[in-house]
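Here are a few exercises to work through with the model open beside you. Try each task before reading its solution.

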Amino acid sequence: MENSEGVKIESTVVTEEPLISALDIALFVVIITVAYFWYFKRDKQSSSSEKKPYTIQPSSLSSIEQTSNSSFIKKLKSTGRSLVVFYGSQTGTAEEFAGRIAKEGARYKMKGMVADPEECDMADLVEMKEIQKSLAIFCIATYGEGDPTDNAMDFYEWLQNGDADLEGLNYAVFGLGNKTYEHYNEIAIYIDQRLEELGATRVHEIGLGDDDANIEDDFVSWKEKLWESVCSHYGIEETGEESNIRQYKSVDCSEVLPERIFSGEISRLKSYENQRFPFDVKNPYLSKIAVNRELHKSGDRSCMHIEFDIDGSKMRYDTGDHVAVYPKNSSELVDKIGELLNADLDAVFSLLNTDEESSKKHPFPCPCTYRTALTYYLDITSNPRTHIMKELIEYASDPKDQEKLKLMASSTPEGKKEFHEWILRDNRNIVHILEDLPSVKPDLDHLCELLPRLQCRYYSISSSPKVYPKSIHITAVLVNYTTPTNRVNKGVATNLLAQLIPTNDELPQPTIPIYIRRSQFRLPPKSQTPIIMIGPGTGLAPFRGFIQERDYARKEGREIGEMVLYFGCRKKDEDFIYENELQEYVANGTLTKLHLAFSRDQPEKKYVTHLLEQNADELWNIIGEKSGHLYVCGDARSMAKDVHSIIVKVVMEKGQMTNSQALNYVKKMEQQKRYSADVWS
């Protein structure tokens, strides 16, 4: 043994074998290779996570195209433009307004372009001063509880966290909001002020549009004064040219192979046949309807309890989140448009942007049939805006129809009055307009360009994932009403949902595209924290999920805090939804108190707000003495405002504060997420 080892050592000395063996070199190469790929893969993932996907553009772009399109300054310079209009849009209105401003720029010798801030490097704003007579306009919507829209979030955070020198940037801001909400136009106001703080020059004062009143009127009035300020600031004059320039051109796609034609998908071809996780606004999940049952016991109204099956989808939701539902228009209305315009709805076409530099190549997924566009992609049931009236003028063969359209498209007091009465008050949609002005026969492809996109509808989720991890529940009232012209208008989403009734297991179940939208409407982190929930009608929806979650915790043996629910409806025997469930939660102790108000079960109407006023001691005990949380869900226009006033009054009286102190107390509750509202107008 010793001799053998001695020979080996001797041999090593004689041959002078290198200190690093071949095995060592091989291991070293492997380590370097792994490190190299790990580093660059991590870098790539980091870059992709920092750049969010485009959430409005229906036809997806490659990552290379998105990168090359990120410099709006290069586009402006290469195409001789001086006007860029950015939009922060959740429903498409801000994007529409941005397009109208950019289009009108030509009348003032300012060639314009529309830009999505999510697709742009907004740090390039510092270079706007390099372009002669340049102007940046921002059409910005405020969303949720004073939040930026999804596509404006990065820009908003850049303004908050950065300190760029924007001297030489000329700008104007128009905000889109709703006065029924507390944070009215908060994001637009912030952006307007922040740009000035960073050295930019405000060319025209901020415009604030109120969607609860007439946001179209607000926008048109602001836009007219904007151009006056622009002319004064730059020393230019209006050319006076009134031309309706098409943004998109129609292309016949009858030769396109059937597998390349969109049939209702939001972004990716065949996405409903080949579902891919994750699911979001551009890639919804085609969910089966597992349950669809009536909640009202009697009466002429309908309220549906619907359960979406998400088993196997990998989708996850939290109590208090919203679910977005993609609806489709009724075939009756779609066929009516084809009949009125004598059009072949099954013809395949595409709308291509005439601006080759635009990242938005199509207004909706193309190519498709006109029937598909009118069914899945275009809003044919809302009140058209004045710019559509203006575009329809050239298609009216009857002088009387022409004059009526011209009047409604004008900004005169008479024109505004006519538009308000004939369109808004009488609740006419595009189908009604074509019926009542029979000489108006627009080209169908142009009409498809003009109409806004059909938007998904959001519903508060009325279930807890702890109890129902494989399904999402919603509570929805069927919308049907008669207009002043004796037409019956139907809610697009709820009337579709009402038809989706599950059958026996042997037949294919009805489906609908959905995705989950995160919410800040959350239960307190500690299950022991007492809460008050105020939710009349379908405002009960998220609280059903809250109660389920606390009941689940109680059954697990955890301590839960007081749960007080205020619920109201018209009549106990008609529309007391989830009555048996609520009574059971009271019986088992999960729901501490259930305050009920049935407005029409007695001569004098009784609402939840009346009960709140009567229970001031209980309110203060929970939100004041026990630092509990208060939640409101329902109508923003009246109920939520009345609740807020009552809470302030209770804090004043029971907390022995002045009005100013009480307002500050409630404001602090909101900041601490102890006072939350999930409301709609």
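**Exercise 1. The cavity**

How many cavities of 30 Å³ or more does the rule count? Find the lining of the largest cavity and sort its residues by character.

Solution. This is a predicted model. The count comes to 1 cavity of 30 Å³ or more. About 30 Å³ of space lies in the largest cavity. Next, list the lining: Ile-266, Tyr-326, Pro-327, Tyr-376, Arg-453, Leu-454, Gln-455 and Cys-456. Sorting these residues gives 6 nonpolar, 1 polar and 1 charged.

**Exercise 2. Two nonpolar cores**

Which residues touch the most other members of the largest nonpolar core? Work out which elements supply at least two residues each.

Solution. The largest core holds 41 residues, and Phe-364 and Leu-374 touch the most other members. Elements that each supply at least two residues of this core include α9 (331-340), β12 (348-353), α10 (370-377) and α12 (399-409). A second, separate core has 29 residues, among them Leu-612, Ala-616, Trp-620 and Val-643.

**Exercise 3. Helix α7**

Compare the expected span of helix α7 with the distance between its end C-alpha atoms, then find its buried residues and what covers them.

Solution. Helix α7 (residues 186-197) has 12 residues; at 1.5 Å a residue it should span 16 Å, and because its end C-alpha atoms are 16 Å apart, the two values agree. Buried in α7 are Ile-187, Ala-188, Ile-191, Asp-192, Arg-194 and Leu-195. Their cover includes β3 (135-143), β4 (147-148), α6 (153-161), β5 (170-177) and β6 (201-202). Just after α7, Gly-199 takes a positive phi of about 105°.

**Exercise 4. Backbone features in loops**

Locate Asn-185 and Tyr-578 and decide for each: buried or exposed?

Solution. Start with Asn-185, in the loop between β5 and α7. Asn-185 has a positive phi of about 55° although it is not a glycine. Its relative accessibility is 0%, so Asn-185 counts as buried. Tyr-578 sits in the loop between α18 (572-575) and α19 (579-587), and its phi is also positive, near 55°. Buried means under 20% relative accessible area; Tyr-578 has 6%, so it is buried.

Now look for cis peptide bonds. One joins Phe-277 and Pro-278, with omega about 5°, and Pro-278 lies in the loop between β8 (248-252) and β9 (285-294). The bond from Cys-366 to Pro-367 is cis too, with omega near 0°; Pro-367 belongs to the loop between β12 and β13 (368-369).

Technical notes. Residues are numbered from 1 along each chain as its sequence is written. This is a predicted model: local features need pLDDT of at least 70, side-chain atom pairs count only at pLDDT 80 or more; totals for chains, interfaces and linings use all residues. Side-chain values use heavy atoms; hydrogens and water are left out. A nonpolar core is a set of buried Ala, Val, Leu, Ile, Met, Phe, Trp, Tyr and Cys residues joined through side-chain atoms within 4.5 Å. Buried means under 20% relative accessible area, exposed over 50%, partly exposed in between (1.4 Å probe, protein chains only). Helices (H or I, at least four residues) and strands (E, at least two) are DSSP runs, numbered from the N terminus. On a 1 Å grid over the protein atoms alone, a cavity is a set of points where a 1.4 Å probe fits but cannot get out, and a pocket is an open set with protein on both sides within 12 Å along at least five of seven lines; lining residues have an atom within 4 Å of a point. Grid points are joined across faces, edges and corners, and a volume is the space filled by probe spheres set on the points. Ala, Val, Leu, Ile, Met, Phe, Trp, Tyr, Cys and Pro count as nonpolar, Asp, Glu, Lys and Arg as charged, and the others, Gly among them, as polar. The expected span of a helix is 1.5 Å times one less than its number of residues. Contact means heavy atoms within 4.5 Å.
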